[in-house]
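Thanks for making time this morning. I would like to walk through one model with you, going from the contact between its chains to the details inside each of them.

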Amino acid sequence: MNLGTLFEPRAMAVVGVSHTNDRHPANVVFNKNHLRYPVRVYPVNPYGGELQGEKVYGRVSDIPEPVDLAVIAVRAEQVPDVLSDCIHAGVGGATVISGGFAESGRKDLQDRLVALARESDFPFVGPNCLGIYSPEHVDTFFLPNERIVRPQPGGVAMVSQSGGILVDQMVKFAGEGVGMSRAVSIGNKALVRELDLLAYLVEDPETKVIAFYVEGFGRNEGREFVRAAGRSPKPVVVMKAGKSPGGSRAVTSHTASLGGDYKVFSEVLAQHGVVEAKNESELVSFCESLSCYRQGIEGRVGIISGSGGHGAMAVDVCAGHGLAVEPLTETVQNGMRESVSKSVRDIASFGNPIDLTGSAVDDDFVHAATILSRAAEVDCILLLLLPYLPGCTMDLGARLSQVHRREGKPMVAYVPHVEKYRMLIEGFELNNVPVSPSIEGAVLMVEAMRRCRPC
Amino acid sequence: MLNGEILDILSASREAGWVVEPEAKKLLALADLPVPKFGWAKKEDEAVRMAREIGYPVVAKVVSPAILHKSEWKGVAVGLDGDQALLGTYERFKRLEGFAGMLVEEMVPGLELIVGAKVDYQFGPVILLGIGGTGVEIYKDSALRMAPLQERDVRSMVRNLKARALLEGYRGAEPVNLADLTRLLLAFSRLMMELEGHVESLDLNPVKCSPEKCVVADARIMLMKSA
């Protein structure tokens with residue numbers, strides 16, 4: 001199944017535009033794309049006429065150039081005809097926005113779409129979905145431009161069974177400065193399913209991390225999914241809904257009783273190095289971290305801070321996540337002690353967490369981070385930076401990022417997120433070092449790397 | 001791999017929907033899983049002969065297609081140390097519903113684990129390792145992996161148990177035979193891959209694990225309803 005043209009179409013048809021209702025999903029999609037994206041957009045309605053000065057075509061097959069993507073937003077009963085017309089016209093694929101299929105008892109109608117599409121190897125997303133958002137290429141979400149929040153273009157692709165969760169997650173990604181490459185709402189996932197998109201996104205050069213919101217897989221589909229995700233060179237993050245045991249199915253064995261559906265799901269994901277995000281904030285932190293670092297770690301953390309309290313808090317959070325914060329060897333401690341300024345040498349502690357104290361200056365952080373980067377006993381550095389310390393400047397983010405670039409050890413930072421510290425934060429983020437506005441979030445970024453390897 | 005004997009056991013149990021313990025043990029032994037010495041006695045004198053052959057003390061369990069949870073019916077007696085205790089137990093079991101004989105079995109020492117499998121709708125055959133015995137659903141200490149298992153999966157399952165220390169040697173106790181446990185789990189995983197389509201779930205509970213060996217002390221095989 002070739003999904004490429006769905007994400008980067010040159011020409012698209014929007015089927016079902018209304019002459020009377022500007023808020024009709026098809027009109028919203030037409031407005032969003034027409035003259036705003038490089039894609040050429042053709043409105044379609046059987047009555048023809050004009051929309052905003054553009055000719056409205058009666059059928060997709062009337063459009064005078066090859067169409068890569070058809071966005072179908074007509075009544076459910078009309079969708080099979082439109083789909084046939086698209087196939088007949090040689091369209092590359094479709095997103096079916098219309099509802100009224102399996103989700104409301106019309107599985108038969110949905111099966112007809114699938115049969116039509118299968119016969120001609122015609123990919124379609126949906127039905128009952130928002131479709132595809134592909135930054136700088138196309139946006140089939142029927143939500144008006146002024147209402148939605150778009151993250152900047154970046155490395156995270158997200159595939160979601162729920163359109164609402166996807167749009168919400170985009171708001172959260174934008175808030176944390178996490179960039180997105182693709183967003184796909186698959187709705188009833190009648191034909192194009194998680195596995196197809198996983199295969200596409202693994203090959204997609206724009207995508208570095210692949211995130212899924214999943215409610216459930218079909219029979220044995222989870223088995224194929226974890227195998228494919230386990231083989232993926234890109235980190236795969238999955239957030240699952242429906243964790244509580246469903247229904248009252250009689251359970252006759254201890255294994256079935258201990259191994260409920262969700263426990264199986266969760267542990268099988270971990271077995272294959274697929275990162276499970278338990279909630280939305282984990283999803284954001286994991287995606288941010290893994291778009292910078294795709295290799296897994298064991299989780300031996302070195303913490304550098306300018307405050308004893310922050311160090312202690314971070315140790316607690318690490319312990320809660322099963323991450324080790326072990327005392328550093330004498331050699332490493334001594335090396336670090338000698339590298340820092342005289343004024344902090346005797347008052348700082350180097351045991352791990354490393355507390356450089358409120359008297360530390362930029363150089364002290366840079367030296368400590370360099371030595372820790374070369375210490376084999378830790379495989380990740382957690383920086384807790386307090387920009388209000390008098391000796392710290394706004395350069396520190398960029399300087400510490402250089403340490404990471406030079407030494408190669410993964411590094412994540414906590415910096416309080418207020419506007420006046422923006423330059424420090426960007427010094428990290430623009431250099432691909434993830435930053436969190438909370439200690440908990442920064443630890444989750446470390447946790448992401450640890451979960452990214454098979455357990 | 002499923003040989004004729006295994007298939008015979010499965011089809012003979014279809015009506016009950018599950019495989020009674022002596023038959024389950026026979027099936028496991030055919031699949032190279034270690035089971036204790038046992039016999040299925042259908043008369044008093046058979047029971048005595050088997051117990052003497054195995055050597056007292058022995059365990060006795062009721063065999064009845066109507067009794068799935070033997071403990072709840074007081075259908076298990078351990079540490080029977082002579083003919084008299086054995087025959088007394090036989091008399092008592094005879095009055096239980098669906099009585100079809102008595103399983104006489106070697107006493108096996110060791111930590112009680114559960115090794116289980118089920119066919120998961122989304123993931124197919126999955127294998128469970130946990131703290132077993134009658135308290136299995138109280139402790140709920142278990143790890144699950146998708147079959148077929150690799151050796152590294154077994155190591156990570158042990159590592160993920162809260163009671164891991166009990167297996168690896170706690171306060172001077174010797175660790176259980178982890179190599180044997182690994183062999184058992186791998187053989188079980190192979191069997192489960194073959195049984196997909198025939199069974200719904202399997203409980204080996206307890207598997208008795210000592211520093212010397214790991215042995216399946218009880219087994220329950222629930223068959224697929226439609227199969």
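Two residues are taken to be in contact if their C-beta atoms, placed from the backbone, lie within 7 Å. With that cut-off, 28 residues of chain B are in contact with 23 residues of chain A. Please keep in mind throughout that this is a predicted model.

Let me stay with the chain B side of that interface for a moment. At least two residues each are supplied to the side touching chain A by β6 (111-120), β7 (124-131), α5 (136-139), β8 (142-146), α6 (151-159), β9 (199-209) and β11 (219-223) of chain B. Sorted by class, the residues on this side of chain B are 12 nonpolar, 8 polar and 8 charged.

Now to the domains of chain B. The domain assignment gives domain 1, made of 4-34 + 109-223, and domain 2, which covers 38-106. The C-alpha centres of these two domains of chain B are 23 Å apart, and the contact between them involves 7 residues of domain 1 and 8 residues of domain 2. On the domain 1 side, helix α2 (residues 21-30) of chain B gives the most, with 3 residues, and by class that side has 4 nonpolar, 1 polar and 2 charged residues.

Within domain 2 of chain B, which the assignment places at 38-106, I would like to look at strand β5 (residues 102-106) of chain B, of whose 5 residues 4 are buried. Which way do its partners run, parallel or antiparallel to β5(B)? Strand β2 (residues 38-41) of chain B is antiparallel to β5(B) and joined to it by 4 bridges, with B:Gly39 having B:Val104 as its bridge partner. Strand β3 (residues 58-62) of chain B is also antiparallel to β5(B), here with 5 bridges, and in this pairing B:Lys61 stands opposite B:Leu103.

Turning to chain A, we have 455 residues, of which 51% count as buried, and a secondary structure of 17 helices and 19 strands. The C-alpha trace of chain A spans about 85 × 60 × 30 Å along its principal axes. If we take the contacts in chain A with a separation of 6 or more, 74% of them are between residues 24 or more positions apart.

The assignment divides chain A into domain 1 (1-128), domain 2 (149-292) and domain 3 (296-451). Between domain 2 and domain 3 of chain A, the C-alpha centres lie 30 Å apart, and 12 residues of domain 2 are in contact with 13 residues of domain 3. Which helix provides the largest share of the domain 2 side? That is helix α10 (residues 280-292) of chain A, with 8 residues, and the domain 2 side as a whole has 5 nonpolar, 5 polar and 2 charged residues.

Next comes a sheet in chain A. This is an open sheet of 7 strands with mixed pairing, in the order β9-β8-β11-β10-β12-β13-β14, and its edge strands, each pairing on one side only, are β9 (138-139) and β14 (275-277) of chain A. At the β14(A) edge, strand β13 (residues 236-240) of chain A runs parallel to β14(A) and is joined to it by 3 bridges, with A:Met239 opposite A:Ala277. Helix α6(A) packs on the sheet, where it touches β10 (153-160), β11 (180-185) and β12 (209-214) of chain A, and its direction makes about 170° with that of β12(A).

That same helix has a helical neighbour as well. The axes of helix α6 (residues 194-203) and helix α7 (residues 221-231) of chain A come within 10 Å and cross at roughly 10°, so α6(A) and α7(A) are roughly parallel to each other. On the α6(A) side the contact is made by A:Glu194, A:Leu195, A:Leu198 and A:Ala199, and on the α7(A) side by A:Glu221, A:Glu224, A:Phe225, A:Ala228 and A:Ala229. By class these residues comprise 6 nonpolar, no polar and 3 charged.

I will finish with a single residue, A:Thr95, which lies in strand β6 (residues 93-96) of chain A. Is A:Thr95 buried or exposed? A:Thr95 is buried, because 30 other C-beta atoms lie within 10 Å, and the cut-off for burial is 20 or more. Leaving aside neighbours within four places in sequence, its contacts include A:Val71, A:Phe124, A:Cys129 and A:Thr140.

Technical notes
Residues numbered from 1 in each chain as written. Chains lettered and ligands numbered in written order. Predicted model: local features only at pLDDT ≥ 70, side-chain atom pairs only at ≥ 80, totals over all residues. Domains from an automatic or database assignment. Nonpolar A, V, L, I, M, F, W, Y, C, P; charged D, E, K, R; others polar. Buried ≥ 20, exposed ≤ 12 C-beta atoms within 10 Å, placed from the backbone. Pairing = 2+ DSSP bridges. Axes fitted to C-alpha atoms, helices over the stretch in contact; angles between N-to-C directions. Parallel < 35°, antiparallel > 145°, perpendicular 65-115°, else oblique.
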